Amino acid sequence: MSEADDPLVNGKTPSTEGRDPAYFSYYAMLQHQVVFKHSRTQNMLQDTVRTSTYRSAILLNGPLCFHNKLILDVGAGSGILSYFAVQAGAQKVYAVEASQMAEKMRKLVESANTKESEALAKNAFLKDKIEVIQAKIEDPNLPIPQVDTIISEPIGVLLIHERMLESYLYARDTYLKPGGTLFPSTGSIFLAPFSDIALWTETMGKARFWEQSSFYGVDLSALYPDAKDEMFGMPVVGCFDPRTLIAQANPGGYVVDFYTITLEELQDMTIPFIWQASYTGIIHGIAGWFDLHFSPPPSVPNGNTIAMSTGPAAERTHWQQVRFLLKEPLAVNAGQTIQGWMRCVVNEMRSYTIEAEIMVGEGQLTNPTIPLTSIYNLDFNRRRGKWRLHEQTYNYNYYPQSDNLFRPEYNCLYEPEHPIDTTVVVENNFVDDNNNQFIM
């Protein structure tokens, strides 16, 4: 990560102000709250995994966390979580939404507050239950009391994209009563190495266009290094075949506890990983996804914990998965250890700039805070890459199939002749205070 990108160096945290108008305009449109069935991707309301998981978490914990409680819905959007909270018995819901979608939500809520009889009124169960507040949650002097429970869907690609989690934490610190409930309560980020020669070759092909020395008489080759950096610096969003993973993600993932994490920790995270290769093959990059958990706090006993996964083996969601391609692939033999780190630092594009180091076999990992340009002569068994999470490209070539005849070699992955133990556990250690070296 360059010094200009690193808030630890320049002493300031990138603001989201410049991106807010476009961000809120996007979510003000009904078509972005729900996408029709024939769309190639799901979004928001039609994402049945997302919507049904939230509803289950709210209703199953209704008696303990919602019944006769004050609720805050942060970034309410269409208001669906607010409506679920009312169904769970909420006394009052404060639905905060900065975009013009607040007007559409208010129209729906007010249809329940008409003078018609309850038998004829639309959404009669919402009558006098929801107050829609069109504002950013960070705006001062909002008419919101201390609440018992905060609900929100502040999640983006790899859990952290769009930086809505910062607003979620602000709401927690400003409006949540001591011992109150956060839904969702934790997120777990999972990383794993993958092999996909077709995806890597396709990406390289886009860069090689700029390698031409005579394109209609023009030599483009001076731009080839820039093109390669750009193409391989774009995270690839889309579902992929879980059978392309060379090793399994670390059990439990990297846990982000929304009850306890600070804003500073959220804005600059380093995720360590250590894997053991299940196959011999070529690592083309690092795949990422996340799980969400909905758990009442310890002060609320006997609650129901609900979980949802966006992993490649789980049912599809509109978040899908994301893959970070290496400019130079890395060979690995079955049974070898693969270790490294991924550092995620906020940027002004409502997203994160990401760097990662991955190493096969023995060796000392470099410090994540050292800028990429300061590192030379990386070992043959080590790669380092940089990506901008907001500059996403998309790949929708994978469609799950029940293929009992599949073999790993179809994905250029080769099984060891003798079974190996691939159980590896990682501890979240960061930097050794004695020598300032990154350790696992």
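Okay, strands E14 and E15 to begin with: E14, residues 351-360, runs antiparallel to E15 and pairs with it over seven bridges. When I say two strands pair, I mean DSSP finds at least two bridges between them. Helices are DSSP runs of H or I with at least four residues, strands are runs of E with at least two, and both are numbered from the N terminus. One bridge you can look up is Thr 353, whose partner in E15 is Arg 388.

Before I go on, a word on what you're looking at. This is a predicted model, so local features need a pLDDT of at least 70 and side-chain atom pairs need 80 or more, while totals for chains, interfaces and linings use all residues. Residues are numbered from 1 along each chain as its sequence is written, and side-chain values use heavy atoms, with hydrogens and water left out.

Back to the sheet. E14 and E15 belong to an open, antiparallel sheet of four strands, ordered E9-E13-E14-E15. E9 and E15 (382-388) are at the edges with a single partner strand each, so each has one side without a neighbour in the sheet. From one strand to the next, the twist averages 15°; angles here run from 0 to 180 degrees between N-to-C directions, and axes are lines fitted to C-alpha atoms, for helices over the stretch in contact.

So how many residues of edge strand E9 are buried? Nine of nine, across residues 268-276. Buried means under 20% relative accessible area, exposed means over 50%, and partly exposed is in between, with a 1.4 Å probe and protein chains only. Both faces are covered: one side has Asp 268, Thr 270, Pro 272, Ile 274 and Gln 276, and the other has Met 269, Ile 271, Phe 273 and Trp 275. E9 pairs antiparallel with E13, residues 337-347, over nine bridges, and Met 269 sits opposite Cys 344 of E13.

Right before E13 there's a glycine to look at. Gly 335 is in the loop between E12 (322-332) and E13. Its relative accessibility is 25%, which is why Gly 335 counts as partly exposed. Leaving aside residues up to four places away in sequence, Gly 335 touches Gln 276, Ala 277 and Ile 420, where contact means heavy atoms within 4.5 Å. Gly 335 and Thr 280 are 55 residues apart in sequence, but 8.2 Å apart in space, C-alpha to C-alpha.

Now the other sheet. Five strands form an open, parallel sheet in the order E3-E2-E1-E4-E5. The edges are E3 (130-133) and E5 (176-183), each pairing on one side only, and the twist averages 20° from strand to strand. E1, residues 70-74, and E4, residues 147-152, are parallel partners over four bridges. Find Leu 72 and you'll see its bridge partner in E4 is Ile 150. Helix H6 (residues 101-110) lies across E2 (92-96) and E3, at about 160° to E3.

On to helix pairs. H3 (residues 48-60) and H5 (residues 80-87) pack at about 30°, with axes 9 Å apart. That makes H3 roughly parallel to H5, a label for angles under 35 degrees; over 145 is roughly antiparallel, 65 to 115 roughly perpendicular, and the rest oblique. Their crossing is right-handed, meaning the near helix is turned clockwise from the far one by less than a right angle; anticlockwise would be left-handed. H3 brings Thr 51, Tyr 54, Arg 55, Ile 58 and Leu 59, and H5 brings Ile 80, Leu 81, Phe 84, Ala 85 and Gln 87. Seven of those residues are nonpolar, two polar and one charged. Nonpolar covers Ala, Val, Leu, Ile, Met, Phe, Trp, Tyr, Cys and Pro; charged is Asp, Glu, Lys and Arg; the others, Gly among them, are polar.

H5 is mostly covered too, with seven of its eight residues buried. Just past H5, Gly 89 has a positive phi of about 100°.

The second pair is H8 (residues 197-208) and H9 (residues 224-232), packing at about 145° with axes 8 Å apart. That crossing is right-handed. Residues in the contact include Trp 200 and Met 204 from H8, and Tyr 224 and Phe 232 from H9.

Last, the whole protein: ten helices and 16 strands, with 52% of the 440 residues buried.
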